[in-house]
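Q: Could you take a close look at one part of this protein, the place where two of its domains touch, and describe how that contact is built?

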Amino acid sequence: MSPEKQPATSRYGSNAGQPLTRRDGILKVTGRATYAADNHPEGLLYAVMAVSRIARGRVRSMNVDAAKAHPGVVEVLTPANRPPLFHDPNEKMPPFGFRVEVLQDDSVRYVNQPIALVIAETLEAATEGAALLDLQYDTEPARVGRETGIRFDPPAVGIGGPPKTAHGDIEAGFSNAAITVEAEVETPPQYHNTMEPHAVVAEWDGDRVVLDMPNQALALSCASYAAFFGIPVENVTIRSPFLGGGFGSKAILNGPQILAILAARMLNRPVKLALTRAQMYGPVGHRGQTWQKLRIGMKSDGTLTALHHRSLSATSAFDDFLEPAANASLPLYASPAILVEHEGMRLDTGTPGPMRAPGEASGSAALEVAIDEAAEACGMDPLAFRLKNYAETEPATGKPFSSKALRTCYEEGAARFGWSRRPLSAGQMRDENGLLVGWGMGTAVFGCPHFPAEARATLRADGTALVETGAADMGQGAWTALAQIAAEALGLDPDHVEFHSGLSTLPDAGIAGGSGHTASAGLALNQAGGDAIAQLSDLAVNDPASPLFGAGNIGLTARNGRLYRRDDESRSESYAEILARSGRSDVVGTAKSNRDPTVAAGHALYSHGAVFAEVKIDPDLGQIRTTRLVGAFAAGRIINPRLVQSQYFGGMIWGISFALHEEAVTDKRTGRIMNADLAEYHVPVNADIPPLEAILVPEDDAIVNPIGVKGVGEIGITGTVGAIANAVWHATGNRIRKFPIRIEDVL
Ligand code: MOS
């Protein structure tokens, strides 16, 4: 593979690095990348889950004898014989703990809950064995939908932050308002539908276990598995070189994988479990449904006086994860009073979890629709309205932003889209074929979390480097961008950097989530590289035979595999020469990194963007098409503009998916999801995606972290959903109250 090399171009912005292609791209497109289920160790057994077909009740009976009598079936794991676990599965495990379903009793709490695990010599035998179990239930009515759910106040400490956040006097804010608008917006349950469903191949050797599984958080998962199985953390090895998508669901533990690992230990043979597509709809998380209510108060000139965002978010009957949707109203618009509230609703569903901008995606969809309505109520252009209420400091806290090039995003996106030609009122534009045309916009925003991370950088005698950290590449390009960061720190061409990742025995790269992986693992690589160069410099400046001897206070720079004196660039020496003369085969740099906590305490840390959408709608048939989408995003330093643009495109496509396609539809009688397959759970295909443009707005951020990198993974979804909904209004005059937007909403 010869990566294309170009200097940073103005198209990508001045703070961008090289647009290298993915290091793992050829392996993936030629089928040589191995995923978890591609592993077939000697003596492998196959596990198949029998899952519940009711949403609530108990398992009255199952015919274990029939299953065990089937040729090839080795064992059936049920609550009756399931070996003990060393951590109570009913107890959550910090920091992202969820209650897991691992056959702890005979209760049924959602459809597709694991009820038994059949293990056999072949996949076919295990599948047949699971069918022969003939599960019988005592069924209770399913609590499905808003009418039947049980409301509750969320715990004070949860994954989405506090249940209530107040800034300023909300009542006074509404009293001071000349105009008030209200919007209620419903978002549906959505499921991860990664290309690669969850899978594990577990192989024990005594009390050590090796797990091939897709995983977004290697070290954290090792610790959790160690706790469940009562073994030291170093006895757990997870190999996760490739993930066929993660979307958040592979960052948390789930019951099916624990059961397969248990079975492997019980039978003392390697066991493989690969979930079916249908089984992805329940035990491995999803995005919970929300019902959101927004109330916006403003003066007649459009100045906000109050912003109230309340979300009722669905979760399971037995756990507390809530989509923290209303938090989307905290960082964006400068209202003197903001009130954000969350309430939970228990339904007979699998527990939701993090999924593609959890909270921000659903919350910003509703917020951006409401902001558009507020602009309309003032007779203002939606962009002018947003600029009028542009926040110079974080509205809910008053903290300064570490950087915020949102104004430039608005300007560049609007110019590229041609926003200034937009008629103010709805229903004004038709195309040459008589289709209704609408233009809408939304603001994109996403926070910049940072996770502790570690890395190792070894400079070798031949002048190349080996760089190691247990990062997760879900397709986002971590292998490539992280290697680039390491190469820069080491003063080497990326071609001379070998990058090892995706393995839990490597230094802990932290969590690949929250769009924080490049910044977190990248900082560790930057510092490990710096440590290696510092050691190498010490060797040179203390060696009288080196042209760099005595350069201590003047300092050296590392570039192209050589160290140079800063004050006299004619004096330099290659890494290989320094190592050879000192008799060293290598130097090993290490780092344990984290962001200084005072940074987040003192500043508001966000990526920003603006998304502009055009839709065309058939006035007779109601068919809705996104025909143009322009996003402009500012996310600090851009390591690899090609990959970042690709991340933005991916996020914007998620946005189209959220706005127009995705929804899990539940049968209210049975609690079953009626479209638990990729034929009927709609995600956009190529024909649904218009030409996309993502403008990379330059932004320097010396505060967010020492490498100035913000997140790019999830922000694309946040502005896009609202932009499309607002474009639909602009085409038709119909306000969107429910996602996905349907034909019947525009007729
Ligand atoms: Mo994500 S939902 O941060 O993988």
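A: What follows moves from the division into domains to the contact itself and then to the core. The model is a predicted one, and its protein chain is divided into domain 1 (36-140 + 192-280), domain 2 (160-190 + 286-394), domain 3 (399-449 + 596-747) and domain 4 (451-594). Taken over C-alpha atoms, the centres of domain 2 and domain 3 are separated by 17 Å, and the contact between these two domains takes 28 residues from domain 2 and 37 residues from domain 3. On the side of domain 2 that touches domain 3, two or more residues are given by each of β9 (179-187), α7 (360-377) and α8 (382-388), with α7 giving the most, eight residues. By character, the residues on this side of domain 2 divide into 13 nonpolar, four polar and 11 charged.

Helix α7 also packs with helix α15 (residues 715-732), at an angle of about 35° and with the axes 8 Å apart, in a crossing that is right-handed. From α7 the contact is made by E360, A361, S364, A365, E368, V369 and D372, and from α15 by I717, T718, G719, V721, G722, A725, N726 and W729; these residues divide into seven nonpolar, five polar and three charged.

Turning to the nonpolar interior, the largest nonpolar core has 233 residues, and those with the most contacts inside this core are A47, V118, A486, L490 and V728. Helix α11 (residues 517-541) gives the most to this core, with 12 residues.

Technical notes. Residues numbered from 1 in each chain as written. Predicted model: local features only at pLDDT ≥ 70, side-chain atom pairs only at ≥ 80, totals over all residues. Domains from an automatic or database assignment. Contact = placed C-beta atoms within 7 Å. Helix = DSSP H or I, 4+ residues; strand = E, 2+ residues; numbered from the N terminus. Nonpolar A, V, L, I, M, F, W, Y, C, P; charged D, E, K, R; others polar. Core = buried A, V, L, I, M, F, W, Y, C linked by C-beta atoms within 7 Å. Buried ≥ 20, exposed ≤ 12 C-beta atoms within 10 Å, placed from the backbone. Axes fitted to C-alpha atoms, helices over the stretch in contact; angles between N-to-C directions. Left-handed = near helix turned anticlockwise from the far one by under 90°.
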